Amino acid sequence: MNNSRVVVSLDFSDAKQALDLCLKLDSTECKLKIGKELFTRQGPTLVERFINMGFDVFLDLKYHDIPNTVASACRAAADLGVWMLNVHASGGRVMMETACEALDKSTHKPLLIAVTVLTSMADDDLREIAISNSVDKQVMLLAQLAKSSGLDGVVCSAKEANHLSTKLGKEFCLVTPGIRPANSNRDDQKRIMTPADAIAAGSHYLVIGRPITKADDPLAVLEAINKEIETAS
Ligand code: C5P
């Protein structure tokens, strides 16, 4: 595993675009995130290819199913050699504990983190599925449940990082998207933070897509972000 705290989000539909980008990056300077679209189109072969190129891979498939099914999927991801994977905390304690137990048996144990409340959901959306808690309260409840079920951390907004880090401890891993270097395009992100501010707020890993993937010189942007993080750490 390298020391980089930047996870480049490969939001591409085809392998060639993703591979072209990764050939411009440096596997010691970042990690990679592969999500549902790229994985569904290209499958585990592409994941293995990136791992063989020396990259740490976060497999962002957000498993949510009965405990046995999630545990088996987590084990399969661990066998692929991924560095990090995730599940929905709303799958409950038994699902998360069973997933942790499955990973404990693997020789190459990835980090297991949880998604709490999707950032696409507001209080009204929660009420519609019979959750009376506010989003903030539900995020904290599910993050605490993830921690007490043995998970390594959660995905959260950098805006929530300070509060979660105070409540759950600095060791609990916070993985934060919505990161934008100063003066870069916000794209469709509404609540953004700079890399330095996110690190100062308690983020462990920063998920960054378009500022790097759409740059003329992705490696130069990545190196500048790493420098900013180093200064903030
Ligand atoms: O290009 P950008 O930096 O906005 O990409 C952010 C990545 O993080 C995308 O893959 C997006 O789906 C993911 N993400 C997010 N907000 C969340 C959870 C995941 O932006 N709350």
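## A ligand site, two cores and some cysteines

A polar side-chain atom of Ser 9 sits 2.9 Å from an oxygen atom of the ligand, which fits the definition of a polar contact to a ligand (a pair of N or O atoms within 3.5 Å). This is a predicted model, in which local features need pLDDT of at least 70 and side-chain atom pairs count only at pLDDT 80 or more, while totals for chains, interfaces and linings use all residues. Residues are numbered from 1 along each chain, and side-chain values use heavy atoms, leaving out hydrogens and water.

Here are the ligand distances side by side.

| Residue | Protein atom | Distance to a ligand oxygen atom |
|---|---|---|
| Ser 9 | polar side-chain atom | 2.9 Å |
| Arg 180 | side-chain N or O atom | 2.8 Å |
| Gly 209 | backbone N or O atom | 2.8 Å |

The protein buries 76% of the 470 Å² that the ligand exposes when taken alone (Shrake-Rupley method, 1.4 Å probe).

Now for the inside of the protein. The largest nonpolar core (buried Ala, Val, Leu, Ile, Met, Phe, Trp, Tyr and Cys residues joined through side-chain atoms within 4.5 Å) has 67 residues, and Leu 10 and Phe 50 have the most contacts inside it. Buried here means under 20% relative accessible area (1.4 Å probe, protein chains only). A second, separate core has 9 residues, including Phe 58 and Tyr 205.

What about the cysteines? The count of disulfides (pairs of cysteine sulfur atoms within 2.5 Å) is 0. For Cys 30, the nearest cysteine sulfur is that of Cys 22, 7.1 Å away. Cys 30 is buried, at 0% relative accessible area. For Cys 173, the nearest cysteine sulfur belongs to Cys 156, 9.4 Å away.

How values were computed
Buried means under 20% relative accessible area, exposed over 50%, partly exposed in between (1.4 Å probe, protein chains only). A polar contact is a pair of N or O atoms within 3.5 Å; within protein, one must be able to donate a hydrogen and the other to accept it, and residues adjacent in sequence count only if both atoms are side-chain atoms.
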